[in-house]
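Subject: Structure for you to look at

Dear colleague,

I am passing on the structure we spoke about, and I would be grateful if you could open it beside this message while you read. My notes come after it.

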Amino acid sequence: MERTKSITYTFSKRKIEDSSSHFTEASSDSMQEHVSTNFSSQTSLEHTSNSDHKNFSSDLIQIFPLTKSFSKSLQQEISKSSPSNLDKIIITLQKNMPELMVDLYGNYLCQTLFHTCSADQRLLLLNALKGSLVSIAYHPRGTHALQNLIAMTNLKEEENIYREEYKQKIISMSKDVNASHVVQKLLMNISNKYFVIREMIGHVKELAVDKFGVCVLKKCCNDPQIMSEVVGDVLLLMQHPYGNYVVQCILDIWKEEVAYDFSSAIQGRVTQLCLQKYSSNVIEKALKIEYIRDCIVKELLNENKIKDLIGNQYGCYVLRTLASVCPSKDRASVLESINKSLANLFAPKLKPLWQEIVQGLSRY
């Protein structure tokens, strides 16, 4: 980053520093190891001694952009400060918090500060970030500092600030490579997370088919409204590269409660779904739910479709799972159908799968 007299910031992704140099220069203090970086001296403050650390808060106004050595020294000062000294540091840093959060070295300083300060001090810092929390969430460095701040949330006042700052912005944030992690952190750490979920209602399909949105959505699958929207589009989502993971999550959480709706949606299409790359994964998950499994087995046997599955790679994966969960009343019929189909097939690559399927069905 070019260093000038004015404050200069970059929105490029953080470069990963050499891990070996990081650990050789890291402090022995466990908290410092977590947040420090590989620092070097580059300004007039480079020869600051430990006795000068008390003056850091007053000098901080003049040191932008931060240097590596000064940031590291200030982190050390923060981690061992008394509550009164920490108050002085926070008062000095307060007006510069938005810039520090996205700064190459400042974001590590912020992370140390969030883990050291009290709840009241943290609320003071959060108030100083009002109006900047959205842009910080999108920033490749700011997002990490912000996630650390959210992880410490335990006051209603803090939750109110997040709710006001991110109002009407959850959907767009959920689809961003950096901001999506902030939304996930909110879902994991705040007690009243419905303000996040409320904005997702009506946008479930949009998020389910997005590379980053699907990760956020998976953390909301225990909400009845989210579940209902997923089940409503289950046929489309289970065949999608990202959407199928949401459907699997719904099946894991809700099980028998979604069994009837799921079975109704796939009725008459079981064979097609077993042969498709992504939906076959969902079918494997669904086979572990008794009601859905009975419907799938019944359709495959009645329509004599097992012969279509046994000659297909994804179909074989489904049959292998079925062999491990198939009820005793259906084992003989499924095994007989498979043996008849294998008599007319030659596919060396699938032979190991066939052996697993037959052994699984013959085991009981």
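What follows goes from the whole chain to the core and then to two residues.

Please bear in mind throughout that this is a predicted model. The protein has 27 helices and 0 strands, and of its 364 residues 49% count as buried. Among the contacts in the protein with a separation of 6 or more, 72% are accounted for by residues 24 or more positions apart. As for the surface, the protein exposes about 17800 Å², of which carbon and sulfur atoms supply 49%.

The largest nonpolar core holds 100 residues, and the members that touch the most others are Met97, Leu146, Tyr166, Met200 and Phe262. Helix H19, which spans residues 243-254, contributes the largest share of this core, with 6 residues.

Two of those members also meet each other: once its neighbours within four places in sequence are left aside, Leu146 is in contact with Tyr166, and in addition with Met101, Leu133, Ile136, Ala137 and Val182.

Tyr166 turns up again in the surroundings of Val134, a residue of helix H9 (residues 133-138), since the contacts of Val134, again without its neighbours within four places in sequence, are Glu165, Tyr166 and Lys169. In the same part of the chain, Val134 and Tyr162 are 28 residues apart in sequence, while their C-alpha atoms are separated by 9.6 Å.

With best wishes

Terms used
Residues numbered from 1 in each chain as written. Predicted model: local features only at pLDDT ≥ 70, side-chain atom pairs only at ≥ 80, totals over all residues. Heavy atoms only, no water. Core = buried A, V, L, I, M, F, W, Y, C linked by side-chain atoms within 4.5 Å. Buried < 20%, exposed > 50% of the residue type's maximum accessible area, 1.4 Å probe, protein only. Helix = DSSP H or I, 4+ residues; strand = E, 2+ residues; numbered from the N terminus. Contact = heavy atoms within 4.5 Å. Areas by Shrake-Rupley, 256 points an atom, 1.4 Å probe, with all protein chains shown as cover.
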